[in-house]
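Colleague: Could you take me through one part of this model in detail? I would like to look at a sheet closely and then see what else stands out.

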Amino acid sequence: MLQSAEACWDERDSRTGSNSSCTASQPFLIFGHGKAIHRIGLDGKHHRRLVTGVGGSILLDFHFNEERVYWADRHAGVIYKASVGGANRKKLYSSDKHISGLAVDWISNSVYWTSGRKGEIKSMNIDGQNQRTLVRHLPKPSSINVDPIIRFLFWLCGGTASTIQRSDVTGRMKVTLITTAEHLKALSIDREDKRLFWVQFGLQGENKIGSCDYDGNALHIIDQPMRREILGLTVFMEYIYYTNAAAHDIKQVSKYTGGDPRDVNSKQLAKPPDDIKVVHSLNQPMADAPSPDCDEKSGNCVNICSSLAEPGVCKCSDGFSLSKQGTYCEDVNECAHWNHGCSLGCENIPGSFFCTCPKGYALLPDRKTCQEIVPCWGNMTCGNGCLTTGNGSICVCPEGSVLQEGRQICTGCSSVDRGGCSQSCTPITPTRWQCSCQPGYQLHQDGKQCTATGPPPYLLVASLVGVQRINTDGSQDQTVVTDPRGNILAVDYDPVQKYVYFASTTRRTIERIHLNDGQREVLVSDGLSSVEGLAIDWIHRKMYWTDKSRSVVGWSSLMGEHKETIIDKGLEEPRGIAVHPLAKKLFWTDVGSQPAVERANLEGTDRVVIANTNLVSPTGLTIDFTEDQVFWCDQRKGLIESAALDGSDRRVISENQVGRPFDLTVFEDSLWISDWERQQLRSVHKRTGRKLQVIHTAMVQPSSIVMVHPLTKPGMDACLHLNGGCAQLCESKMGLSHCSCQPHFVLSADGKSCFPVDSSKDTTESGDDEATDLSPPLNTGSSNTDFHSVYTDKMISDQHECDSLGCDVSARCVLDAGTPRCVCLEGFTGDGWSCVDLKSTSPRATSISPREEVTTQQHIGNSVMSCPSSHESYCLYQGVCFYFPEMESYACNCMSGYLGERCQFNDLEWLELHQAEKEKRRNVVIAACMVVLISLLSIIACVTYCYRTRGFFHKHPSVDNVSETSVTNEIMSESTSTAFPRFYMVLEQEEGKIIPALFPRRATCSSCSSDTGPMSDNSWFCKHNRGYECATKSASVVGGSQKSPGQSSPSLSRCTTFKPTAHPPTSCPESSLS
């Protein structure tokens, strides 16, 4: 076995000489696993680790001939490469933390990647040099793939619609192959069949595998049950391999027919697998030697050879020239030549060019000559000026728009009609554009109109006789509120709990009624006078209203609690009101003496005037959430207008077409208006005001009008109330709830209940209707049935069912009174289906087993709800978020193997972090103790030093205190232990000065001398030894008398010894005491 730096793909050396190379005869998978890259055979064998320390979330690819692995750490934003085994690791790029796709070109030795946030595709060589940006301004690009032989790049784009796009390897010739409103994920390439494969998640919860050829044709869709937690997909031979993060496994399915997937790994992986690739020479075929033959896709694309002029010679289409190799075509920059014909400006595009003009000029009909824009004359009503030609004046259109046949109306993305597009308009050239739709909408066959998916919409209309439900075409008139008990002018709808809210101006109340069971209740009955506008915030769960008589705007909870006035100043007669929960804005109209349309925050702060000119009586208003536009109607002027949310781009939609409009609502491309003059419901086009239609007649004063459809109130969490009707798992998609089940459970026929996997066959074969009853009841707060016993009795029919019980790898199946059940092994804990090592169990873990979760939901009833959409990313790593309304707190149900308040740790990471935290705390305590100890030592040293210095240099004590001074100095001498002890001698001189003298301690104590005259050293002090001290005492003190020169005075009168008494005291001779 060679060193890791020289290891082969299959980890054995097949080199027989210096000219031989590694081989990899058997294909295998490489995939991200935890913080490493692993490999496993297609049969699930030979699972081992290739490279370690790659990061927790990676994208990967390989270079087969170089035997190197390339990966991008999405969290760190770094691209690496390394040899098989992890040696020779090198950092190639480290400037983008939003890498969303990675691909290796093994022929030109390049690396391509996508930047999701920047919207760019970049490239560099395999050594990290020559970094370039190939494509810009892409909406959330991801999953890039390359076919170096055909010289194509493919990638996914998000945004308002999901698309698959293609360009050449230089970033030119960008085209869109597939456009859909459904969510696309995990694009992969089949270079053998030259097809693209991807995962497609439908709007109604259906899952599919899609494929097409390199031109977007030959589209093939396979219905395939899959989870959204698919992180990687790859194709090899006749199979598709994909990773399932939720189930911790790798699956194989036929690329032609789909069907039941096969698990590649025999045992569940310890951590969720990430990106995946199949390593084999067939997945990276080498291009043939350059030849004059044209590419096999000749004629299908303009950036390669388009036809054979003669055998062995390639011919390119106009706007392209043959490459030096003679095998593909390159774009010609016409603007670099002087034959383009543009008078002022030129811009090159692949295969062609177009002329441009500076500001203040526009192109004539020849599309090459620029002319100055001048004001229009006569009956010309162009909004952008005119150009004077030999045939008269023509209108000038803004960039991105063209003139229609009448030569006075412009159409295009920059025009009022938005190029005829219902929602999104994308310019391609100055004269061409493309329409697209937002998620939940589908593009019509005309390529312009967007139609909503899901159930058919209908209208709720308030009138004098009640609240009616009417289809958008005016059919099927049904009464929702049968006893209005007064005049109803305001109505709105809560899509979460299916309640209709309405206000009675006669009874001065706000009530609600359930659409399904008709349950009716009064919410607010005091403090109201004349409520004429009502709006429901379906996300923040608030209710807003306008009180015209009291001149206020109020709010409360949807139960009518916590009622409060939020705006009471600067209002006269507020009427219409609408809420934009996503933008957190509130809009209303005022029909007083100063009519206006205003906006504020949801709390009533930061008021802004949207419109206050050319208004008489603005009554109703509504919001178009697809375009962020607000519409209002003026009842007295018969006018319908629109503006952006900030008041800009104000436009008149319709004038004098609908009589006296009171209220309006918007959906898709139409506005529905209630007309008080003709007592009718009408509709017009929301941009042009055309296509006027009468929807319903013979109504009694139609007032407030609301459109009901899951897409009319975006961001709504359908799982917020009663878990969306689901027994176990609920996912909100486009305003609808989609139910699913935990592992070991299957969704029943009703689409909401769940029953165990092994009991499904038994109950189906026996015709037992109780299969759907195994789910806990939804609308109960108590557990009156033991859920475990219910499905356990139905799960097992004999002991052979033990094999299919699905126990955890750390559990065993035992028979309990003839009934098999899963029991965790010693040292593990859990329910048998999920067992956790007791050593790694932490009190911070929030992981709940599937059965515990089901029974928990049954016990707590309505006390726990799913988190709102604002907290959809609160729980990490596919954790399920729950909201406890009583405590106003959030909690996470983590996937197996993850811990923490937000599932932010896996078992090993939590242990490492926990140990690191303990080590950090211990180090902090040690450092603090050291600081305190050093501080105390410093203080003691300072105090000691100051005290000693004070004794050394203390001067001028009184005569009476000489003995005290000696005693004090004696104490200080005892307290100061040094290698050479010292004592002090106090001498009394003639002048009355007291001089301290410092002497070292000698071995013996000599006699004190009483001789007068000049004194020797021995006569000045008494020596001591072993703790004895001699003190001197003056026999007489001469105070104030002046001695004559030469006269001496006795210096010492007595010498006395002091403590200790352990040795005999040494006395001075008697002669010294005379």
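Modeller: Start with the open sheet of four strands, in the order 56-57-58-59. Keep in mind that this is a predicted model. The strands of this sheet pair in the antiparallel sense. Now look at the edges. Strand 56 covers 618-624, and strand 59 covers 651-655. Each of these two has a single partner strand, so one side of each is left without a neighbour in the sheet. On average, neighbouring strands here are turned by 20° against each other, direction ignored.

Next, zoom in on one pair. Strand 57 spans residues 629-634, and strand 58 spans residues 639-644. Six bridges join them, in the antiparallel sense. Pick out cysteine 633. Its bridge partner in strand 58 is isoleucine 640.

Now turn to another open sheet. Four strands make it up, in the order 48-49-50-51, and again the pairing is antiparallel. Strand 48 (531-537) stands at one edge and strand 51 (564-567) at the other. Both have a single partner strand, so each has one side without a neighbour in the sheet. The average turn between neighbouring strands of this sheet is 30°, direction ignored. Strand 50, residues 552-557, pairs with strand 51 over three bridges. This pairing is antiparallel too. Find glycine 554: its bridge partner in strand 51 is threonine 565.

Move on to a single side chain. Tryptophan 672 sits in strand 61, which runs over residues 670-675. Is tryptophan 672 buried or exposed? Its relative accessible area is 8%. Buried means under 20%, so tryptophan 672 counts as buried.

What is tryptophan 672 in contact with, leaving aside its neighbours within four places in sequence? The list includes Leu459 and Thr472. Asp663, Leu664, Thr665 and Phe667 are on it as well. Then come Arg682, Ser683, Ile695, Ile705 and Met707. Take isoleucine 695 from that list. Along the chain, isoleucine 695 and tryptophan 672 are 23 residues apart. Their C-alpha atoms are separated by 8.5 Å.

Last, go to the surface. Val932, Leu936, Ile939 and Val943 make a nonpolar patch there. The area of this patch is about 370 Å². Where does valine 932 lie? Look in helix 4, residues 907-952.

Key
Residues are numbered from 1 along each chain as its sequence is written. This is a predicted model: local features need pLDDT of at least 70, side-chain atom pairs count only at pLDDT 80 or more; totals for chains, interfaces and linings use all residues. Side-chain values use heavy atoms; hydrogens and water are left out. Two strands pair if DSSP finds at least two bridges between them. Axes are lines fitted to C-alpha atoms, for helices over the stretch in contact, and angles run from 0 to 180 degrees between N-to-C directions. Patches are made of residues with over 30% relative accessible area and no salt bridge: like charges are joined within 9 Å, nonpolar side chains (Val, Leu, Ile, Met, Phe, Trp, Tyr) within 5 Å. Accessible areas come from the Shrake-Rupley method with a 1.4 Å probe; for residues, only the protein chains shown count as cover. A salt bridge is a side-chain nitrogen of Lys or Arg within 4 Å of a carboxyl oxygen of Asp or Glu. Buried means under 20% relative accessible area, exposed over 50%, partly exposed in between (1.4 Å probe, protein chains only). Contact means heavy atoms within 4.5 Å.
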